[in-house]
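Me: Please take a close look at one loop of this model and then work outward to the elements around it. I would like one connected account, with each term explained where it comes up.

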Amino acid sequence: MRTLRRRLRVVEALALLLVGRALRRWVPMKRWSRVLGPTLPPTATARPDLPDGAEAAVATAVASAARRGGGNCLEQAFAASVMLRLRRRRGVVVIGLDRTDPAAAPHAWLVGTSGRVVVGGEMMDQYVPVSQFGRST
């Protein structure tokens, strides 16, 4: 039964990665706040330690789905954010610019309610947060 639940979470994550890819390609970023939540001031700090509980299950599912179906950091943060919301958890999607080259591609990561990074944390130290999107429920 555990394996079935794990596989279903991966399928859910794959579907959400595809939705995120479509949003990224065809919807202007200004309109993403309807999905991700309202814009927040870029102040949230994140702990680099590993998430636990529902956040860990979501992180594992999104990582597994990304290995199978691809997905950039924004798509992964989107998928994890929606998955957490469906589990009645909150998350903040943070978008940052490279510290050394602000013209480089931005990076996105998701910080869960626990303050731990759920997805995208492996590179977040190289980026300065400039935008955050979150939802209270």
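Reply: Arg88 lies in the loop between α4 and β2, where helices (H or I, at least four residues) and strands (E, at least two) are DSSP runs numbered from the N terminus. Its phi is near 60°, a positive value in a residue other than glycine, and Arg88 is exposed, with a relative accessible area of 77%; exposed means over 50%, buried under 20% and partly exposed in between, with a 1.4 Å probe and protein chains only.

The model is predicted, so local features need pLDDT of at least 70 and side-chain atom pairs count only at pLDDT 80 or more, while totals for chains, interfaces and linings use all residues. Residues are numbered from 1 along each chain as its sequence is written, and side-chain values use heavy atoms, with hydrogens and water left out.

On one side of this loop is the helix α4, which has a partner in α1: their axes come within 8 Å and cross at roughly 125°, the axes being lines fitted to C-alpha atoms, for helices over the stretch in contact, and the angles running from 0 to 180 degrees between N-to-C directions. The two helices are therefore oblique to each other, given that angles under 35 degrees count as roughly parallel, over 145 as roughly antiparallel, 65 to 115 as roughly perpendicular and the rest as oblique. The crossing of α1 past α4 is right-handed, a term for the near helix being turned clockwise from the far one by less than a right angle, whereas anticlockwise is left-handed. The residues that meet include Leu16, Leu17 and Leu23 of α1 and Phe78, Val82 and Leu86 of α4, contact meaning heavy atoms within 4.5 Å. By class, this contact has 10 nonpolar, 2 polar and 5 charged residues, with Ala, Val, Leu, Ile, Met, Phe, Trp, Tyr, Cys and Pro counted as nonpolar, Asp, Glu, Lys and Arg as charged, and the others, Gly among them, as polar.

On the other side of the loop, β2 belongs to an open sheet of 5 strands in the order β1-β5-β2-β3-β4, with antiparallel pairing; two strands pair if DSSP finds at least two bridges between them. At the edges stand β1 (39-40) and β4 (117-119), each with a single partner strand, so one side of each is left without a neighbour in the sheet. Strand β2 (residues 91-98) pairs with β5 (residues 127-134) over 7 bridges in the antiparallel sense, and Tyr127 in β5 is the bridge partner of Asp98. Helix α3 packs on the sheet, touching β3 (107-112) and β4, and its direction makes about 30° with that of β4. Helix α4 (residues 73-86) also packs there, touching β2, β3 and β4, with its direction at about 20° to that of β3.

Helix α1 (residues 2-26) also packs with α3 (residues 54-69), at an angle of about 65° and with their axes 8 Å apart, again in a right-handed crossing. Among the residues that meet are Val10 and Leu14 in α1 and Ala61 and Val62 in α3, and the contact divides into 9 nonpolar, 2 polar and 3 charged residues.

A second loop offers a contrast with Arg88: Met124, in the loop between β4 and β5, is buried, with a relative accessible area of 10%. The C-alpha atoms of Met124 and Gly96 are separated by 7.8 Å, although the residues are 28 apart along the chain.
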